[in-house]
Every structure is written in structure tokens, then in C-alpha cells.
Amino acid sequence: MSKRVTCQCGYKMPGSGAKGYYYYVCPGTFNLDAAHQCNLPRFRSDRVDDVIWQWVRGFFDDEKLVERGVAEYQARQAEIKKPLGEELALINETIKERKKELADNQRALKLLGDDPPQRTLANTLEDIRRVEAQLDGLEEQKRQVEAKIENAETTERDIRAAIDRMEQVKAEIEEGLNLADVNFEDRRFLIERLNVEITLRVENGEKIVEARCYLDDKKLSMGVWANFAREGFLLGMGVERG
Ligand SMILES: [Zn+2]
């Protein structure tokens, strides 16, 4: 989960272990070399992970939310993919034209024979070099557009895989499995495929987990902690509680 956690200040928050508990800690709170300093208190990772899992498992019982999420996602993807498809078609068309031009130039070069006029030879060679350079550029553009399309399709496969896994787990639940028992592997699978990302912040003394994924986004409260200030103080002193 820790690769998916960002602080309100923008830093990635790696998990860090103390005796007993693990925490998400912003590097800006302890690393004096950090580009900027930050005062976000640490968040206990088991509590954050739990809140996130409660949110994700809510999708299991909310078919409407999942359907709406998928539909909205697909609409966004279609908007991304349509111009990419058009761009790719245009590039392919231009590549075809340039290849024909190259073949014509090469034929012209051959027709010049063994003892061609120097200026004509130089011009023909220059034409060939120019078209070859254009073709190199076009091939590179084509690779980039294809990579973007592939990326969009991978995401669609991920969402599909997540929904299939949800269906599977749901079927197991109907056979008597407790939702709380959903194993670690299944949880991780869903969190990865749905691309869950979270931002940790404090608003009015309340610890907030901002969660988003392909299907939904939501602000989740971790509640106000009585020892909130003390936690920050102890962290500042480098003292770890049990
Ligand atoms: Zn921070």
C-alpha cells in the first residue's frame, strides 16, 4: 500500500516501522535535507489500510456504484482513445506516402546510371536522406501513440480483472465466507487493479484519508485523536511509543 500513499504536501509517504506499529510518515517531517518541511502527523498504517479496505469492500454491495464507475471510466477512455486512433491512422497514412516517395527517389537514383551529373546526384541523395529522416520521426511518433493506446487498454483489462475478482469473492461470500476474511492476496489484487491511491491530510484537527480509484473517490475520516498533538510532539522528539 505504501507506494500508493501521498502526503498533503506532495511527498510520497513510505511506511515506517516502529516497535509494534507501522506508520505512514511524511519525509518532510523528519528529513532536514528534504526540499520542504511538513508538519503532517504520522498515520498508523493498519488503521489507514483498514479504512481503505472498508471503502473498497463497500463496492461489493453497491452494484450501482460499480456500474456507474465503469461506465464513467469507459466514457473517459473512449474520449482518450478516439483521437489517438485518428492520430495513428493519420501517421500510418503519412508513412505510406513517405515510403512511396522514398521508393521513387531510389528509382531515380538508379536511373542516374554509373556516371551521373554531380548536382543531380547530390539533390537525389539529399531527397533520400530527408525522406528517411521523416520516416524515422514518423515511426517514433507511431510507437508513442501505440504505447498510449496500449496503456489505456491495460487499464481497461485491470478494471475488468478487478470486477471479475469481486464477483468471485462475492460468490464465495454467498457460500458462507465472511467479508472480513477476504484474504490479503485478494485485497492486494483489488487495490492494485483498481489503482487505489490515497492522500493523507489534516483538516480542522481531523485526520483525513482521501481515497480514489478507477471506480470512485471519497474522503474518509480517521477521526480526531485525543493524543493528536502529543503524537506529533513525540515524533518530533524521535521518541517511539509502543
Ligand atoms: Zn508532508
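**Notebook: rings, cores and a hairpin**

I began with Arg42, which lies over the face of Tyr23, 4.0 Å from the ring centre. The model I am reading is a predicted one. I looked for a second case and noted Lys207, which sits over the face of Phe43 at 4.8 Å from the ring centre.

**Aromatic pairs**

Next I went through the ring pairs. The structure holds 4 aromatic pairs. I took up the pair of Tyr21 and Tyr23: the ring centres are 6.5 Å apart and the planes stand at 80 degrees, so I entered this pair as edge-to-face. I then checked how far each of these residues is covered. Tyr21 is partly exposed, at a relative accessible area of 31%. Tyr23 has 2% relative accessibility and is buried, because the cut-off for buried is under 20%.

I also wrote down the pair of Trp55 and Phe59, which is edge-to-face with 5.3 Å from centre to centre and 70 degrees between the planes. Trp55 is buried, at 6% relative accessibility. Phe59 is buried too, at 2%.

**The core around Phe59**

Which residues have the most contacts inside the largest nonpolar core? I found Ile52, Phe59 and Leu200, in a core of 41 residues. I listed the elements that each supply at least two residues of this core: strand E1 (5-7), helices H1 (45-58), H2 (63-111), H3 (118-174) and H4 (184-193), and strands E5 (197-203), E6 (206-212) and E7 (217-223). H1 gives the most to the core, with 6 residues. Why does the core lie between domain 1 and domain 2? I noted that domain 1 (2-62 + 195-236) and domain 2 (64-174) both give residues to the core, so the core lies between them.

For Phe59 I looked up the contacts, leaving aside neighbours within four places in sequence. The residues in contact with Phe59 are Leu65, Val66, Met166, Leu194, Cys213, Leu215 and Asp216.

I then found another core, of 11 residues, lying apart from the largest one. Among the residues of this other core are Leu88, Ile91, Ile95 and Leu102.

**Strands E6 and E7**

Last I turned to E6 and E7. In which sense do E6 and E7 pair, and over how many bridges? I have them as antiparallel, over 6 bridges. E6 and E7 form a hairpin, with 4 residues between the two strands. I marked one position across the strands: Ala211 stands opposite Lys218 in E7. Both E6 and E7 are also among the elements that each supply at least two residues of the largest core.

Terms used
Residues are numbered from 1 along each chain as its sequence is written. This is a predicted model: local features need pLDDT of at least 70, side-chain atom pairs count only at pLDDT 80 or more; totals for chains, interfaces and linings use all residues. Side-chain values use heavy atoms; hydrogens and water are left out. A nonpolar core is a set of buried Ala, Val, Leu, Ile, Met, Phe, Trp, Tyr and Cys residues joined through side-chain atoms within 4.5 Å. Buried means under 20% relative accessible area, exposed over 50%, partly exposed in between (1.4 Å probe, protein chains only). Domain bounds come from an automatic or database domain assignment. Contact means heavy atoms within 4.5 Å. Rings of Phe, Tyr and Trp (its six-membered ring) pair if their centres lie within 6.5 Å; planes under 30 degrees apart count as stacked, over 60 as edge-to-face and the rest as tilted. A charge sits over a ring if NZ of Lys or CZ of Arg is within 6 Å of the ring centre and within 35 degrees of the ring normal. Two strands pair if DSSP finds at least two bridges between them.
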